[in-house]
Amino acid sequence: MAKDLFLQRRRFLKGLTSAGTAAGVGLAGLNPAQAMSLRLSTGGTDCCTIIDVDRCTGCGACVSACRSRNLSRLPLPQKPIPEPTPSWIPISDWSERRQVTNRLTPYNWIYIQSCTLPAPSGSRRVFMPRRCLHCLNPQCVSLCPSGAARQSSQGAAYIDENICFGDGPCQRACPWLIPQRQSGVGPYLKFAPRYIGYGLVFKCDYCHELLAQGQPPACVAACPAKAQYFGIRDDMIAQAQEMAHQRNGEIFGLRENGGTNTLYVSSIPFRDIEAAMLQQEQVGFGKPSLRPAGASMEKENSLVDIVLAAPLAGVALASLRLWRNWLKARKS
């Protein structure tokens, strides 16, 4: 009971402080509900990618393009990384493993998932570039207490690293566990790093700056096999449906989790691909499944307390600043 009460208090205070900090420094701009509706309020049109599973060769050009664009700008942690409170919260540190490309990490936002399936000729190797699917109604955005998770007018779900405290609602809300946390980086270090926040959460941002300029994401542009297509979502849906019809195949992402802006087309049923991946241990944390996720908002009721804390943000920030000023004055 005491542990449950402490955890509830911890969540409440973290929600207050995270949202308060964002509001206090003038960076958030939008509360979670406003961030979620940004695409609709600006009259934006979703951009969508088709990934042709039958055509992908697993060459990794998309992975290299993503890393070339993003890796050099991602921060390294200050060490020693502060031990979080409570003690059961793990430190997540990938800074010494930035070369890892066989799964999603804070420093690797796309990877090639693969498995081998039986085929008339003996066997067939299937390759699938995996990254954030950019849901039409992303729970990671709607449940972020600070407004750090946002959705652009082109449908890209991304995280503002100037605001994120790594509290993790986005990780818990994502049905595919896409977001990845790095400890020891981010704005929480400027306040009370043992008690406020756990780092930064990173994931594919769909190259939202490029989308705003009418350009495709770097991974799509880099594909030499032309296994990725990019355009307005309605057009991509029509193209994906035609591709699936011609092959007697399937589409993944059209309705999963309410629909996503990444559509996979395959002549092999996705349930068979998922079964092979599970059997060959290609699914796990950092290696997303292909389970047909329904909308997961109902599973996140326990996080509502964090979201509802946002209106009291300024109070938390002011209290924190007064406390820090009092400590400084006392030392002097």
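In this predicted model, F230 is partly exposed, with a relative accessible area of 25%. F230 belongs to strand β8 (residues 228-232). Its ring forms an edge-to-face aromatic pair with that of Y206, a residue in the loop between β7 (200-202) and α7 (208-212). The two residues are 24 residues apart, and their pair links distant parts of the chain. Y206, in contrast to its partner, is buried, with a relative accessible area of 1%. Because buried is taken as under 20% relative accessible area and exposed as over 50%, the 25% of F230 places this residue in the intermediate class.

**Aromatic pairs**

A search of the whole structure finds five aromatic pairs. One of them joins W176 and F252 in an edge-to-face arrangement. W176 lies in the loop between α6 (169-173) and β6 (180-182), whereas F252 lies in strand β9. These residues are 76 residues apart, and this pair likewise links distant parts of the chain. W176 counts as buried at 4% relative accessibility, and F252 is buried with a relative accessible area of 3%. The geometry of the two pairs is set out below.

| Pair | Centre to centre | Angle between the planes |
|---|---|---|
| W176 and F252 | 6.2 Å | 65° |
| Y206 and F230 | 6.4 Å | 80° |

W176 and F252 also belong to one aromatic cluster, together with Y264 and F270.

**Helix α10**

F270, a member of that cluster, is also one of the buried residues of helix α10 (residues 270-279). The others are I273, E274, A276 and M277. Because these buried residues cover an arc of only 165° around the axis, they lie on the same side of α10. R271, L278 and Q279 are exposed on the other side of the helix.

Against which strands do the buried residues of α10 pack? Their contacts are with β2 (111-119), β3 (122-130), β9 (250-252) and β10 (262-266). Strand β9 is also the element that holds F252, the aromatic partner of W176. Just after α10, E281 takes a positive phi of about 55°.

**A charge over a ring**

Elsewhere in the chain, an arginine is placed over an aromatic ring: R97 lies over the face of W94, at 3.7 Å from the ring centre.

Notes: Residues are numbered from 1 along each chain as its sequence is written. This is a predicted model: local features need pLDDT of at least 70, side-chain atom pairs count only at pLDDT 80 or more; totals for chains, interfaces and linings use all residues. Side-chain values use heavy atoms; hydrogens and water are left out. Buried means under 20% relative accessible area, exposed over 50%, partly exposed in between (1.4 Å probe, protein chains only). Helices (H or I, at least four residues) and strands (E, at least two) are DSSP runs, numbered from the N terminus. The arc is that of the directions from the helix axis to the C-beta atoms. Contact means heavy atoms within 4.5 Å. Rings of Phe, Tyr and Trp (its six-membered ring) pair if their centres lie within 6.5 Å; planes under 30 degrees apart count as stacked, over 60 as edge-to-face and the rest as tilted. A charge sits over a ring if NZ of Lys or CZ of Arg is within 6 Å of the ring centre and within 35 degrees of the ring normal.
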